Amino acid sequence: MDSITFASNFVSGLSLWLAIVIGLVASILVLRAAHKMGGGLFGSVLNFMGIGMIIVVVGTLSVALSIWLPGAWLNLIHTILFSIGFICMVLGANKLFKGIMS
């Protein structure tokens, strides 16, 4: 039974770090594409999306720091970073919507 518990803990830790690495790589690729577009509507939308994605990844990274931070502070930091990240992505989507409609 101990081997099942160990495997479960190992996989959950691995999936957290894998999510962080994939999120960082995806964010960098989005910001790189935005830079190559040289501004304009889609470039600015991708900038908002990329910045929002990075903030969400940092919020996910705060979960990995749970060893050093108390639970209440960790929850507060996680919630604030996720909220700000998703707000940035919503602003990008709204900018795209306004640009397409006009």
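## Packing of H3

The buried residues of helix H3 pack against helix H2, which spans residues 40–64. In H3 these buried positions are Leu74, Gly85, Cys88, Met89 and Gly92. The model described here is predicted.

Helix H3 runs from residue 71 to residue 101 and contains 31 residues. From its first C-alpha to its last, H3 reaches 45 Å, close to the 45 Å expected at 1.5 Å a residue.

## Threonine 60

Helix H2 also holds threonine 60. The relative accessible area of threonine 60 is 17%. Because buried means under 20% relative accessible area, threonine 60 counts as buried.

Neighbours within four places in sequence are set aside for the contacts of this residue. On that basis, threonine 60 touches Leu16, Ile20 and Phe82. Phe82 falls within the residue range of H3, 71–101.

## The chain as a whole

The chain contains three helices and zero strands. Along the sequence, the order of elements reads α-α-α.

Among contacts in the chain with a separation of 6 or more, 61% are between residues 24 or more positions apart. The contacts listed for threonine 60 include Leu16 and Ile20.

## Burial and surface

Of the 102 residues in the chain, 22% are buried. Threonine 60 in H2 is one of the buried residues, and H3 contributes others, including Leu74 and Cys88.

The exposed area of the chain is about 7,000 Å². Carbon and sulfur atoms supply 78% of that area.

Note on methods: Residues are numbered from 1 along each chain as its sequence is written. This is a predicted model: local features need pLDDT of at least 70, side-chain atom pairs count only at pLDDT 80 or more; totals for chains, interfaces and linings use all residues. Side-chain values use heavy atoms; hydrogens and water are left out. Helices (H or I, at least four residues) and strands (E, at least two) are DSSP runs, numbered from the N terminus. Buried means under 20% relative accessible area, exposed over 50%, partly exposed in between (1.4 Å probe, protein chains only). Contact means heavy atoms within 4.5 Å. Accessible areas come from the Shrake-Rupley method with a 1.4 Å probe; for residues, only the protein chains shown count as cover. The expected span of a helix is 1.5 Å times one less than its number of residues.
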